Amino acid sequence: MTTLTVPTAQVQRTTHTLSRPTGFLTDTWTVLVRELTPKLRQPASMLFAMMQPLVFLALFAPLLPDVEGGSALQWFVPGIVVMTALMGASMTGADLTAEIRSGSHERLLVSPLSRPSLLVGRALKEVVPVLFQTAVILAVVTPFSFDLHLGGALVGSVIVSLFAIGLGALSFALATAAKEQDWVFWTVQQMLIFPLLLLSGVLLPLDGAPGWLRFLSDINPMTYVVEAARALFAGQFPADVVVSGFIAATAVAAVGVLVGVRTMERSN
Amino acid sequence: MTNHTHQQPVIRAQGLTKHFSRSKKTVEAVRGLDLEIHRGELVAFLGPNGAGKSTTLRMLTTLIPPTAGTAEVAGHDVVRDRAAVRRSIGYVGQGNAAAFIQRGRDELMSQARAHGIPRATAKARVDELLSAFDLAEHADRQVQTLSGGQRRRLDIAIGLLNHPEVLFLDEPSTGLDPQNRANLQDQIRRLHDDGTTIVLTTHYLEEADALAGRVIVIDHGLVIADDTAPRLKARLGDLVLLAFGTEADASAAATRAESGLASAVVERTGTQVSIRSPRGADTAPALAIDLAAHGTPAIRMEVRTPTLDDVFLDLTGRSLRESTESTDTTQTEGAAA
């Protein structure tokens, strides 16, 4: 009897894989952990990334004029948070070109990880540091003329994160479309982030801007994200502003994932 | 889980077709491929670059959808049930599976997570593979610091992590030095001995010859031969080259050889006679004696047993070696596809 059971066990070993079905959240977590691991192994680089918005704040905030009925910092900080998210998320595809070239991206495409999880997980890799950066910024500015409203800041961060996931997915799509040509990725990325940034009113208010500039600002989804973040970080919950911000961020996220998955399917 | 008997093919393709449109032209990369591969086989797709080998592999591994036709891998349709196919297979591409900035062990663990393997099982499996591929001491180094051979071993370890029913390898030995190539072939052979079904593509004749139990020759997107290497070669037959003192001798010898040897292809050029026949090497000594006895002695004899290149030349009119060298520009087939 025992002589019969041994070979059977061996046959089963070779005919059944260890692989088990996984869900979207598990897959996204897998991708996120994989992306963050090399960073966590080099904490120094993380530390520098954390400092970056502080440097910007330190050099720019003293130039801010006094604002009527509130502190300039209160107006400026949420914009910096969204800007940090924009900068980080737009870089999502940067590492991808290297992975496309080396072959590790192809291995992930053949693995059971779902396409959307590859996008969202990778985008979240940039969101996580942004959330830490936000916490650092808030911790630093709160002792000065900035009132911390934790609830609002949390809701604001959720909206900013959604926006960043969408941008990250678009950045991923851009890298996929650029294939192995880094310069295409960098050219397009640089060409897009500055108009997005300036038209969103992060650095200067667009109240006195000419009509055409106001129009461009109005069709920039980032404008609504910035406005919602400003209100929320100040502890206010004006329904129209918050809802517009949420819709704009969700729309960017949905379009980003859709475009990203389609680009991925086509590029093969 | 699906129950497989050993008689059921683990890979089955019918009319598998892939067209690419490139600058308004349609490229027919694979043109109606039929295929049956059984459990435990070690199969090599042999053909020049751009023949459609990699495209076929990319369809079987769900990387690209076929334009027409169907394929099943491990009992799952490669279009309708991509997730199940991906869980059942291992894939070693032309590039490296592990990102250069990652550590080998981390990439093995991420592959385990991607396959939903519980942590404890995953850890044990990773250690098992690291020691099996002699990578244990390099596992915690960044992949970019590993040698080409070490990276290739890591690629295969990652491909094997989920204990796949079929392991696909796309040009596994490209870019390796001869020693690492030999090591790789040993490892592939060992996996095959353990019962893993292996499908690999190669444009190295020696590799297909030395490694595969079954060679599927692909050219211009079609299977043009499918058998074991010895049988492919035996079917072509050995080549016996004879030289004679005069054209008259050569002519008489050619006639005698043609009537004496069954299914021999005899050709005469001047004083040279070439005879292609099954088991030609075995019959050559008797033939030489016979010709001498009939007054047409050969003054020189050369016997060539066929290589797979001869098989390819016979089937296509081109040498695989030449087509490989001259079409190196189409190496982007995999990447662009």
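How many residues of chain B are in contact with chain A, and how many of chain A with chain B? In this predicted model, the count comes to 38 residues of chain B against 26 residues of chain A. On the chain B side, helix 2 (82–88), helix 3 (104–114) and helix 4 (119–132) each chip in at least two residues. Helix 3 of chain B has the largest share, with five residues. As for chemistry, the side of chain B that touches chain A splits into 14 nonpolar, 18 polar and six charged residues.

Turning to the interior, the largest nonpolar core holds 139 residues, and A:Val82, A:Val225 and B:Ala157 are the ones that touch the most other members. The top contributor to this core is helix 8 (residues 150–178) of chain A, which puts in 16 residues. Leaving aside residues up to four places away in sequence, B:Ala157 touches B:Leu108, B:Leu129, B:Leu130, B:Phe133 and B:Leu135. There is also a second, separate core of 15 residues, and B:Ala257, B:Leu261, B:Ala284 and B:Ala298 are among them.

Helix 8 of chain A shows up again in a helix pair. Helix 7 (residues 115–141) of chain A packs against helix 8 of chain A at an angle of about 140 degrees, and their axes sit 8 Å apart. The crossing of these two helices is right-handed. Helix 7 of chain A brings residues including A:Leu119, A:Ala123, A:Val127 and A:Leu131 to the contact, while helix 8 of chain A offers, among others, A:Ala153, A:Ser157, A:Ile165 and A:Phe172. Sorted by type, the residues of this contact come out as 13 nonpolar, four polar and two charged.

Methods. Residues numbered from 1 in each chain as written. Chains lettered and ligands numbered in written order. Predicted model: local features only at pLDDT ≥ 70, side-chain atom pairs only at ≥ 80, totals over all residues. Core = buried A, V, L, I, M, F, W, Y, C linked by C-beta atoms within 7 Å. Buried ≥ 20, exposed ≤ 12 C-beta atoms within 10 Å, placed from the backbone. Helix = DSSP H or I, 4+ residues; strand = E, 2+ residues; numbered from the N terminus. Contact = placed C-beta atoms within 7 Å. Axes fitted to C-alpha atoms, helices over the stretch in contact; angles between N-to-C directions. Left-handed = near helix turned anticlockwise from the far one by under 90°. Nonpolar A, V, L, I, M, F, W, Y, C, P; charged D, E, K, R; others polar.
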